[in-house]
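Let us read a protein chain by asking short questions. Each answer works its way to a name or a value.

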Amino acid sequence: RLRAVSSSEAAVEVFSVGPNPTHGALRVQIPVAEASRVEVAVYDGLGRRVVVADAGEIATGVHPEALDLGALPAGVYLVRATVQPTGGTAPVVHTRRVVLVR
């Protein structure tokens, strides 16, 4: 599992995606160490962004996002959450592979 780190490099919470494999409905848990702008994107095997969800600015904590992959063909995808703290520190990027089955 990938772990989010705060600006002090201390582990905060765990980024998770499930269920995996999925039939379309996907839950993403995004850890946020400080107030941040969050975007979740899904990429296909060719690196194309096929789904984008802008969660906007969110507060500290672990935040769930729901993604609907039902319109996509079966295959392997990458789910990437980019957490950009509003305080100006470096962004944290979480990536997880997910399998979509029919």
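Q: In which strand is the place of Leu-67?
A: This is a predicted model, where local features need pLDDT of at least 70, side-chain atom pairs count only at pLDDT 80 or more, and totals for chains, interfaces and linings use all residues. Residues are numbered from 1 along each chain as its sequence is written, and side-chain values use heavy atoms, with hydrogens and water left out. Strands are DSSP runs (E, at least two residues), and helices are runs of H or I with at least four residues, numbered from the N terminus. On that numbering, Leu-67 belongs to strand β7.

Q: Is Leu-67 buried or exposed?
A: Buried means under 20% relative accessible area, exposed means over 50%, and partly exposed lies in between (1.4 Å probe, protein chains only). Leu-67 has a relative accessible area of 7%, so Leu-67 is buried.

Q: Which residues is Leu-67 in contact with, leaving aside its neighbours within four places in sequence?
A: Contact means heavy atoms within 4.5 Å. Among the partners of Leu-67 are Gly-24, Ala-25, Leu-26 and Val-28. The others on its list are Val-40, Val-42, Val-51, Ala-53 and Val-79.

Q: How far apart in space are Leu-67 and Val-52, C-alpha to C-alpha?
A: In sequence, Leu-67 and Val-52 are 15 residues apart. In space, their C-alpha atoms are separated by 8.9 Å.

Q: How many bridges join β4 to β7?
A: Two strands pair if DSSP finds at least two bridges between them. β7 covers residues 61–68 and runs antiparallel to β4. Val-28 stands opposite Glu-65 in β7. The number of bridges joining β4 to β7 is eight.

Q: How many helices and how many strands are there in the chain?
A: Read along the sequence, the pattern is β-β-β-β-β-β-β-β-β. The chain therefore counts, by runs of DSSP letters, as follows. It has zero helices and nine strands.

Q: What share of the 102 residues in the chain is buried?
A: Leu-67 is one buried residue. Ser-36 is another, with a relative accessible area of 1%. For the chain, the buried share is 35%.

Q: Which backbone oxygen does the side chain of Ser-36 reach?
A: Ser-36 is placed in strand β5, residues 36–43. Away from its neighbours within four places in sequence, its contacts include Gly-56, Val-83 and Pro-85. Its side chain reaches, at 2.6 Å, the backbone oxygen of Glu-34.

Q: Which residue in β6 is the bridge partner of Arg-37?
A: β5 and β6 run antiparallel. Eight bridges join them. In β6, the bridge partner of Arg-37 is Glu-57.

Q: Which residue takes a positive phi in the hairpin of β5 and β6?
A: Most residues other than glycine have a negative phi, and most peptide bonds are trans. This hairpin has five residues between its strands. The positive phi is near 85°, and the residue is Gly-47.

Q: Is Leu-46 buried or exposed?
A: Leu-46 is found in the loop between β5 and β6. Its C-alpha atom is separated by 9.4 Å from that of Tyr-77, 31 residues apart along the chain. At 67% relative accessibility, Leu-46 counts as exposed.

Q: Which residue stands opposite Glu-39 in β8?
A: β8 spans residues 75–85. Eight bridges join β5 to β8, and the two run antiparallel. Opposite Glu-39 in β8 stands Thr-82.

Q: How many bridges pair β8 and β9?
A: β9 covers residues 92–100 and pairs with β8 in the antiparallel sense. Gly-75 stands opposite Leu-100 in β9. In the hairpin of β8 and β9, Gly-88 takes a positive phi near 90°. The number of bridges is nine.

Q: What is omega for the peptide bond from Asn-20 to Pro-21?
A: Pro-21 lies in the loop between β3 and β4, and so does Pro-19. A cis peptide bond joins Gly-18 and Pro-19, with omega about -5°. The bond from Asn-20 to Pro-21 is cis, with omega near 10°.

Key: Polar contact = N/O pair within 3.5 Å; in protein donor to acceptor, adjacent residues only side chain to side chain.
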